[in-house]
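Subject: Structure handover

Hello,

Here is the structure I promised. Please open it alongside this note.

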Amino acid sequence: GLNFIDLMVRQGNIDNPPKTPLVPGFECSGIVEALGDSVKGFEIGDRVMAFVNYNAWAEVVCTPVEFVYKIPDDMTFSEAAAFPMNFVTAYMMLFEVANLREGMSVLVHSAGGGVGQAVAQLCSTIPNVTVFGTASSFKHEAIKNSVTHLFDRNADYVQEVKRISADGVDIVLDCLCGENTGKGLSLLKPLGTYILYGSSNMVTGETKSFFSFAKSWWQVEKVNPIKLYEENKVIAGFSLLNLLFKQNRGGLIKGVVDKLLNLYNSKKIKPVVDSLWALEEVKEAMQRIHDRGNIGKLILDVEKAPTPLMANDSTETSEAGEEEEDHEGDNDNKERMPFIQ
């Protein structure tokens with residue numbers, strides 16, 4: 001699986017980035033080739049998906065058994081690689097952190113992305129949940145049926161939400177950070193929960209930009225604890241990778257995966273795969289995520305041959321700055337992507 005966090009790792013926009021040489025990637029699916037001496041519950045030949053603390057983008061992956069899960073017979077390997085990060089993140093935020101219940105409302109940014117689509121599907125398993133989503137305008141036709149109300153990511157979504165729901169929303173899921181933090185807090189109802197689970201606004205150009213980094217943090221609303229208490233609002237953060245690999249909550253996550261697989265088997269949720277890429281195409285795949293061109297999850301397939309480039313293709317990486325963001329997803333690069341129909 002290819003995630004936005006992989007772009008942040010590549011640019012060094014994370015705490016203590018690993019030293020190179022490095023094999024990136026945090027999730028994968030495949031067939032068990034070998035077992036540790038004390039491993040029980042798995043056999044060679046089992047179809048599995050797994051979390052990996054880096055090194056997932058490889059032909060052979062080794063990871064502790066507590067991060068490995070058997071996949072259903074009718075789940076494809078590409079679906080399985082798209083499943084762990086997106087659906088566990090969405091489930092944990094909605095049900096463990098925000099306590100989603102019947103009749104609540106949720107605002108999710110990047111509604112067309114892997115987590116956004118997982119959030120929309122999980123919300124549909126609870127009666128009468130209203131989902132507000134923001135996404136680039138070219139994605140709206142494809143995802144309009146997955147959320148209740150859809151807004152252009154560059155529009156004044158605060159006013160749009162308040163026009164529909166004057167009191168605001170119960171849950172805000174923010175993967176953008178920057179100025180959206182203050183907007184999200186302003187939209188919360190009393191006893192509402194704002195959850196920050198990413199900071200994609202800090203990734204603008206192809207290389208780490210300290211200007212963009214500083215600008216994003218400068219735009220973050222300064223949170224006053226007294227104001228939180230007076231307004232009865234909850235602000236939270238969520239990092240699945242830290243929960244797994246730094247805070248040793250693998251047992252908790254296994255229980256969540258079991259619940260999610262039950263939902264999958266009952267056909268209530270299904271991973272949305274945007275496209276498959278050969279390992280040699282990782283540069284173009286990352287560019288597609290950088291330009292917010294994907295709907296659902298991008299997958300690296302070690303058995304896939306590279307897709308031939310068309311004559312008008314450009315594989316040069318964008319040095320996109322703030323000015324280009326209004327046009328994200330509209331470049332020629334989007335046209336040649338190997339879509340999954």
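Below are notes on one sheet, the helices on it, and one pocket.

This is a predicted model, where local features need pLDDT of at least 70, side-chain atom pairs count only at pLDDT 80 or more, and totals for chains, interfaces and linings use all residues. Residues are numbered from 1 along each chain as its sequence is written, and side-chain values use heavy atoms, without hydrogens and water.

**The sheet**

Three strands form an open sheet in the order E1-E2-E3, with antiparallel pairing. (Strands are DSSP runs of E, at least two residues, and helices are runs of H or I, at least four, numbered from the N terminus; two strands pair if DSSP finds at least two bridges between them.) E1 (27–31) and E3 (68–70) are the edges; each has a single partner strand, so one side of each lacks a neighbour in the sheet. E1 pairs with E2 (residues 47–51) over 5 bridges. Ile31 has Arg47 in E2 as its bridge partner.

**The helices**

Helix H3 (residues 84–97) lies across E1 and E2, at about 60° to E2. (Angles run from 0 to 180 degrees between N-to-C directions of axes fitted to C-alpha atoms, for helices over the stretch in contact; contact means heavy atoms within 4.5 Å.) Helix H11 (residues 250–265) packs on the sheet and touches E2 and E3.

**The pocket**

E1 gives the largest share of the lining of the second largest pocket, 5 residues. (A pocket is an open set of points on a 1 Å grid over the protein atoms alone, where a 1.4 Å probe fits, with protein on both sides within 12 Å along at least five of seven lines; lining residues have an atom within 4 Å of a point.)

Best wishes
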